[in-house]
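Student: I am new to this structure and would like a close look at a single part of it, the place where two chains meet. Could you take me through that part slowly, and then place it in the wider picture?

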Amino acid sequence: MPKKVVTGNYAAAYGAMRSRAAFVAAYPITPQTFIVEHLSEFVNNGELDCEYVEVESEHSALSACVSASATGVRSFTATSSQGLALMHEILPTATGMRLPVVMAVVNRAIAAPINIWVEHNDIMPERDSGWIQVFCDNNQEVHDMVLQAFRIAEDKRVALPVIVNLDAFILSHTVEPVDLMDPDDADKFLPSFRPPHYSLDPENPVGMGVFTPPEYVQESRWQVDRAMLEAPKVIGEVNAAFAKQFGRDHGGMVEEYMTDDADVVLVAMGTASSTAHEVVDEYRAKGKKVGLVKLRFWRPYPRDQLRKIAERVKAVGVYDRAISYGVGGPSFIEFRSAAYGLQVPTVDFITGLGGRDVSSDDVRLMFDRLLETARTGTVKREVVWINTRGVEP
Amino acid sequence: MKLKEMTDEERFTGGHTACAGCGGAIAVRNLMKVLGRNTVVQNPACCLLVFGATYPLMAWKVPYQDVAFENTAACATGMKRALKKLGRDDTVVLGIGGDGGTADIGIQALSASAERNEDILYIMYDNEAYMNTGIQRSGSTPFGAWTTTTPVGSVKAGKANFKKDMPQIMMAHGVPYVATLSVAHIQDFINKVEKAKNMKGFRYLQIFAPCPTGWRHDTAKTVEIAKRAVDTGMWTLYECENGKVKINRKPKTDPPEEHLKLLTEYLRAQGRFRHLKDEDIKVIQDWVLRKWQDDEKLAQCRQ
């Protein structure tokens, strides 16, 4: 199919349609709204054969998806920020029941103050919910990852829900050329839905989510942990299968750029990695050995890959579009844990909160600081706030 | 279906761990005998979750799910729509919660599902307080009742507000069927469950289900107390089918002195009302008589 110029929200909705989502529960929130609007158009135009429910809240949206998935159909929803926070209670429920629900999250700042622009502080509280989480940096990736997400989620070895993250406005409302998938190709990649474990079938009654005493809960937590540890293998397989069929390799757990001989690397999530990509080219042209690690999967966390990279470079920077107050960026904290015991200096860069632009200059500052750190062997400032009024970076 | 024609086959089996005399358990056992095997159940946090489905024990012989507390109607929606997609539209989806899970925390999802006229059967078993967490006041707790959050103190005693009228709220949604049931009026109970089972669209039943533990009454008196609730008008048995309202049993409100006597007996049989003074009982009587007049007028104008 020829490429079409579409928004990230359209790409997400199209991906859900091509995944033949059989159940969608939808509630509007800026900047996610267009996803559910597009899906309702697909349904009302007869392009998507789907039970579409206009629920009264995000809480009910995910609740309905959990029960529809448990009853045996492929289920999809989308949200953002405050809506995700309202859903929070139900996220671990999907995990505990091992339900392969897929959700697009358009990352937006969390109140207060209220703000509708990009930030990752909405998704970070869901880190421990047991959902697999991937971050995208272009609209093609959003489209492709919705399909991949279902295949990963529905794999028996995983059987966990998946969130596909896309940055507010930078992707959600910005048009890019996207190769929209043909239905036959999509069907070939993603087989029709089969529940990975049990479903609520009157022919074979089971109980889900029942009251469970201390004698049994810990084992179920262990099983989820095992599934999360197993997931990178499946993610790699799905990425390879996708690349083979469509010729687009998104990199699996992480995408490395110019890291082989790099002196310093920057680890970034979401669209900031596109900006960083440009700056890497610019610095390489000047002979500066910088590299980029696009952190695609946030859960499971690519600990081993990152550790291997950290072992061979002189400094590592982590870019965070979120802040864990009083500590630093969540991605930085996670990287520190992965690099435990290694002597490599690490720096956290925080900027782009509440939708503030992350410019090439900001990224240059990051690489300059990392190169300086590599040269001197000392970290000038561990948590660096960039482009913040009254704050020296 | 007549009571004597009811099946012996249990879909909510014995061996569950409800308290002796639990009105909720009586309700669910009989309910499931009428609904039968082609049913899928959504049940939030409440006593029923604990006494009917504590792993590895399971009283339900139909598929059963608990997701959370406030989303029963949303989850039941997901189940029904999925079954429809799978070509199993004949399966009845039952959402059943307590009064806290329905009238308080669950009313948002409930109202939305009713407004969308989802094809689900929603049942509130009403024991007039949060019993599972240890007898706290809910929107469905009657005026004056002691609970652990409306304790009898030296300055204040019992609930200061009146019971929320959930059946009226649900009728205002214009759904195909709303009915009130009691565990003491079993033939009426069967009739209404059977009717609801065979209808399409959103159906709301509210079952008056005494709780000896929370109401502080003799465990052998559950049915008797439920009967008296209907006789006094504390609980009106009626139904609204496609907009038409029918009273199924009239309370004994005449003469008012006799009614006051009956009401006093009802209240005095329960420890939760032990502290009430005569003037409190008069307040309750005024409320009951006004409510009954309203129900009767409604039935007259929506025949």
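**Where chain A meets chain B**

Tutor: In this predicted model, 36 residues of chain A are in contact with 35 residues of chain B. On the chain A side, the elements that give two or more residues to this contact are β2 (23–26), β3 (51–54), α3 (58–71) and β9 (207–208). Of these, α3(A) gives the most, with ten residues. Sorted by class, the side of chain A that touches chain B has 21 nonpolar, eleven polar and four charged residues.

A good residue to begin with is A:Val66, whose contacts, leaving aside residues up to four places away in sequence, reach into both chains. Within chain A, A:Val66 touches A:Ile90, A:Thr93, A:Ala94, A:Met97, A:Leu99 and A:Val101, while in chain B it touches B:Val67, B:Cys75 and B:Gly78. A:Val66 also belongs to the largest nonpolar core, which has 225 residues, and is listed with A:Ala12, A:Val164 and A:Val267 as those with the most contacts inside that core. This core draws at least three residues from each of domain 1 (4–246) and domain 2 (256–385) of chain A. As a general background, nonpolar side chains tend to be buried together in soluble globular proteins.

The strand β9(A) meets chain B in another way, for two bridges join β9(A) to strand β2 (residues 64–65) of chain B, and the two strands run parallel. Within this pairing, A:Gly207 stands opposite B:Tyr64 in β2(B).

To place this part in the wider picture, it helps to turn to the two domains of chain A, which the domain assignment gives as domain 1 (4–246) and domain 2 (256–385). Their C-alpha centres lie 28 Å apart, and the contact between them takes 27 residues from domain 1 and 20 residues from domain 2. On the domain 1 side, β6 (132–135), β7 (162–167) and α8 (214–246) of chain A are the elements that give two or more residues, and α8(A) gives the most, with five residues. By class, that side of domain 1 has 16 nonpolar, seven polar and four charged residues.

Finally, helix α11 (residues 330–338) of chain A has as its buried residues A:Pro330, A:Ser331, A:Phe332, A:Glu334 and A:Phe335. These buried residues pack against several elements of chain A, namely the strands β11 (264–268), β12 (290–295), β14 (315–320) and β15 (346–350), together with the helix α10 (303–312).

How values were computed
Residues numbered from 1 in each chain as written. Chains lettered and ligands numbered in written order. Predicted model: local features only at pLDDT ≥ 70, side-chain atom pairs only at ≥ 80, totals over all residues. Buried ≥ 20, exposed ≤ 12 C-beta atoms within 10 Å, placed from the backbone. Helix = DSSP H or I, 4+ residues; strand = E, 2+ residues; numbered from the N terminus. Contact = placed C-beta atoms within 7 Å. Nonpolar A, V, L, I, M, F, W, Y, C, P; charged D, E, K, R; others polar. Pairing = 2+ DSSP bridges. Domains from an automatic or database assignment. Core = buried A, V, L, I, M, F, W, Y, C linked by C-beta atoms within 7 Å.
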